[in-house]
Every structure is written in C-alpha cells, then in structure tokens.
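These are my notes from an evening spent going through one structure, entered in the order in which I looked things up. I began with confidence, then turned to the ligands and the helix contacts.

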Amino acid sequence: MRAKPSFTAGQLHRHTSPDELARTTRALRATGRKIAFVPTMGALHEGHRELMSRARRIPNTVLVVSIFVNPLQFGAGEDFERYPRPLEADLEVCAAERAELVFTPEREALYPDGAQVTVHPGPLGDELEGAVRPGHFAGVLTVVAKLFNIVRPDYALFGEKDFQQLTLIKKMVRDLDMDPHVIGIPTVRERDGLAKSSRNAYLDAGQRTAATALSAAVTAGAYAGAQGAQAVLAAAEAVLAGTPELEVDYLALRGPDLGPAPDQGEARLLVAARLGGTRLIDNAALHLGGGELGTHG
Ligand SMILES: Nc1ncnc2c1ncn2[C@@H]1O[C@H](COP(=O)(O)OP(=O)(O)OP(=O)(O)O)[C@@H](O)[C@H]1O
Ligand SMILES: CC(C)(CO)[C@@H](O)C(=O)[O-]
Ligand code: BAL
C-alpha cells in the first residue's frame with residue numbers, strides 16, 4: 001500500500017511527481033477542503049501574486065501553484081530556451097503568498113511519450129495569437145487539461161492579460177465538460193500602464209519606454225468606444241503609429257468572447273507587437289456606442 005502523503009497545513013510543499021500531487025490533493029479534498037489552482041510558467045511577478053492572493057481569499061481553500069515552462073506551447077524559434085527560470089525566488093514568492101502546494105514537474109514526467117494526444121482548440125485557436133503562433137493554443141490547452149486532471153481543482157485562476165488564453169480555457173472547460181470553475185483576474189500593471197509580464201525582463205531601457213504604447217493604445221481605443229468601432233481602432237492606431245519601434249502583429253476589435261465585435265455593447269480591443277526579439281500583448285474591455293465612456297480592463 002502506498003504511504004499516505006504527508007501534509008502540514010500552512011506550509012509550502014513541493015511536488016515534482018504528478019501521481020504524488022494527485023494523491024495529496026485527493027486526500028485534501030477528502031477532508032473537505034477546496035482546491036484553488038494557479039498554473040504558471042514561473043518567473044513570478046505581481047500579476048501572478050494577484051492570482052494567488054485572489055485564490056487564497058476563496059474560503060476553505062488550499063492554494064496550489066504549478067510552475068512549468070511548457071515546451072508544447074512554444075514554436076520553433078520562440079524563447080523556450082531563454083525563458084527565465086528563477087526557481088528559488090519563485091518558491092519564495094509561493095511561500096510568501098501562502099501557497100500550500102507547488103508543482104514543479106520535469107518535462108518527462110508530464111510528457112513521458114511526447115505529446116501524441118492533444119486538445120484541439122477549434123477555430124479561435126487559429127486566430128489572433130494563434131495565427132502568429134501556430135500550435136500555441138493546442139499546447140496551452142493540452143497542458144492545462146493535464147494539470148486539471150492531476151490537480152482536480154475546484155477553482156482555476158487565469159489572468160486577463162492573456163485574454164485569448166482565458167477565453168479558450170473557459171471554452172475547453174465548457175465544451176469538454178470539465179469541472180473547474182475558471183476565474184479571470186484583471187491585468188496587473190506597472191505605474192505607467194505596461195502589463196506586468198515575465199517577458200518584460202527581456203526589454204532594454206529604450207524598449208521598456210516604447211512598450212508603454214501597447215497599454216496606451218488599448219486605453220485610447222477604450223475611451224473612444226462611445227464613438228463606435230472605427231473611432232476605437234483609429235485612436236489605438238494613432239498611438240501605435242507614434243512608436244515606430246513597435247512591429248505590430250495585430251490590433252483587433254472583437255466581442256467579449258472574441259467573436260465578431262457587436263455594433264453596440266461590450267467588446268475587447270487586443271494588441272500584440274514585437275520590440276526587437278520580444279513579443280508583448282495587451283487588451284482592454286470597452287463599451288461600443290451609446291455615449292458611455294469605455295473602461296480599461
Ligand atoms: N500582469 C498580469 N496580470 C494578471 N495576470 C497575469 C499577468 N501576467 C500574467 N498573468 C497570468 O499569470 C498566469 C501565468 O502566466 P505566465 O506564467 O505565462 O506569466 P506571464 O507574465 O504572462 O509570462 P509571459 O511573459 O510568458 O507572457 C496566466 O494566467 C497569466 O494570464
Ligand atoms: C496557462 C499556462 C501556465 C500553460 O502553460 C501558460 O500558458 C501561462 O503561464 O499563461
Ligand atoms: N502567458 C502566455 C504563455 C505564453 O506566452 O506562452
């Protein structure tokens with residue numbers, strides 16, 4: 001018989017084995033505690049801390065954080081190799097945020113046979129981020145589905161910074177009848193508006209200044225919402241045009257679930273751009289038409 005996993009409430013426990021983590025979360029659920037899960041790729045910053053802090057505030061929950069740089073979601077020539085992996089500092093952040101379980105699997109533990117069976121994200125997976133990063137969302141949904149099966153969370157928290165990812169995870173949970181309640185958390189920003197992101201560490205001083213144009217563009221677009229779609233795009237484009245260092249991959253106005261934008265009502269403005277070898281994304285919620293001011297999510 002397998003030993004019962006040892007667990008001391010209030011302490012951080014690190015697991016690298018999927019089986020061991022699954023047994024621990026199962027045992028915790030049997031004691032009546034709920035599981036709140038924050039999946040990450042590490043290099044933890046204030047955005048991740050906000051997800052953890054929100055998770056912790058759900059009553060009677062154990063906070064589980066995963067740290068795994070998922071090779072399946074990186075394309076050839078992307079930054080898988082150089083992605084920052086400051087594990088010791090990350091474990092300190094998890095402890096400071098009072099996580100009780102942190103999962104840091106090796107690649108072989110999650111993909112013992114490679115990844116032959118994967119999750120197909122459907123048409124939205126080929127649009128926006130998916131058009132620029134083919135296969136990215138199949139990689140994201142596959143690892144998230146695996147992590148959900150291992151952790152069996154009651155709640156799973158994701159950032160709105162990666163809005164298309166959040167939308168597709170909600171869709172996967174609905175379409176594949178999964179259990180977790182998916183919670184989206186608004187984007188945490190630097191004082192000048194730049195969305196916090198692990199990839200901001202790649203930026204040199206000049207690029208860091210230029211990077212503020214992404215949030216400035218979606219904010220300008222959001223505030224033009226009352227004048228309609230054309231005005232939104234024109235306002236955002238004007239900001240982007242003022243920062244020629246940015247190579248824009250897309251600026252797109254969509255509905256709140258990333259379908260076509262409505263003539264009036266809730267919408268999302270999304271942008272992606274490259275600065276040298278660094279790719280950044282941002283987005284904002286807005287209200288189209290009706291004379292109301294847009295909001296910045
Ligand atoms: N600024 C932020 N505000 C809120 N949530 C965030 C923020 N940045 C990342 N997250 C969320 O944290 C989770 C883990 O993201 P990840 O580890 O990829 O961090 P990241 O900073 O987005 O990294 P990257 O630079 O690779 O995009 C995701 O749900 C993501 O949306
Ligand atoms: C959800 C995720 C942890 C899957 O690898 C990743 O895409 C991320 O960090 O946003
Ligand atoms: N935060 C999204 C993960 C990625 O860009 O690969």
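**Confidence.** I looked first at the confidence of the chain, and found a mean pLDDT of 96, with 96% of the residues reaching 70 or more. I note here that this is a predicted model, and that its scores are ipTM 0.98 and pTM 0.96.

**Ligand 1.** I then listed what surrounds ligand 1 and counted 18 residues, of which Gly47, Gly159, Lys196, Ser198 and Arg199 come nearest. Sorting the shell around ligand 1 by class gave me 6 nonpolar, 7 polar and 5 charged residues. When I asked which elements supply at least two residues of this shell, I found helix H2 (46-56) and strand E5 (155-159), and I noted that H2 gives the most, with 4 residues.

**Ligand 2.** For ligand 2 I wrote down the surrounding residues as Pro39, Thr40, Met41, Asn70, Gln73, Val140, Val143, Val144, Asp162 and Gln165. Strand E2 (34-40) and H6 are the elements that give two or more residues to this shell, and H6 gives the most, with 3 residues. By class I have the shell around ligand 2 as 5 nonpolar, 4 polar and 1 charged.

**H6 against H7.** Since H6 had come up at ligand 2, I followed this helix to its packing with H7. Helix H6 (residues 136-151) and helix H7 (residues 163-175) pack at an angle of about 55°, and their axes are 11 Å apart; the two are therefore oblique to each other. I recorded the crossing of H6 past H7 as right-handed. On the H6 side the contact is made by Phe137, Val140, Leu141, Val144 and Ala145, and on the H7 side by Gln165, Leu168, Ile169 and Met172. These contact residues divide into 8 nonpolar and 1 polar, with no charged residue. Checking back against my ligand 2 entry, I see Val140, Val144 and Gln165 listed there as well.

**H8 against H9.** Last, I looked at helix H8 (residues 205-223) and helix H9 (residues 229-241), whose axes come within 7 Å and cross at roughly 155°. That angle makes H8 roughly antiparallel to H9, and I noted their crossing as right-handed. H8 contributes Ala213, Ala216, Ala217, Val218, Ala220 and Gly221 to the contact, while H9 contributes Val232, Leu233, Ala235, Ala236, Val239 and Leu240. I sorted the residues of this contact into 11 nonpolar and 1 polar, and again found no charged residue.

How values were computed. Residues are numbered from 1 along each chain as its sequence is written. Chains are lettered from A and ligands numbered from 1 in the order in which they are written. This is a predicted model: local features need pLDDT of at least 70, side-chain atom pairs count only at pLDDT 80 or more; totals for chains, interfaces and linings use all residues. A residue is near a molecule or strand if its C-beta atom, placed from the backbone, lies within 6 Å of it. Ala, Val, Leu, Ile, Met, Phe, Trp, Tyr, Cys and Pro count as nonpolar, Asp, Glu, Lys and Arg as charged, and the others, Gly among them, as polar. Axes are lines fitted to C-alpha atoms, for helices over the stretch in contact, and angles run from 0 to 180 degrees between N-to-C directions. Angles under 35 degrees count as roughly parallel, over 145 as roughly antiparallel, 65 to 115 as roughly perpendicular and the rest as oblique. A crossing is left-handed if the near helix is turned anticlockwise from the far one by less than a right angle, and right-handed if clockwise. Two residues are in contact if their C-beta atoms, placed from the backbone, lie within 7 Å. pLDDT is the predictor's confidence in each residue, from 0 to 100.
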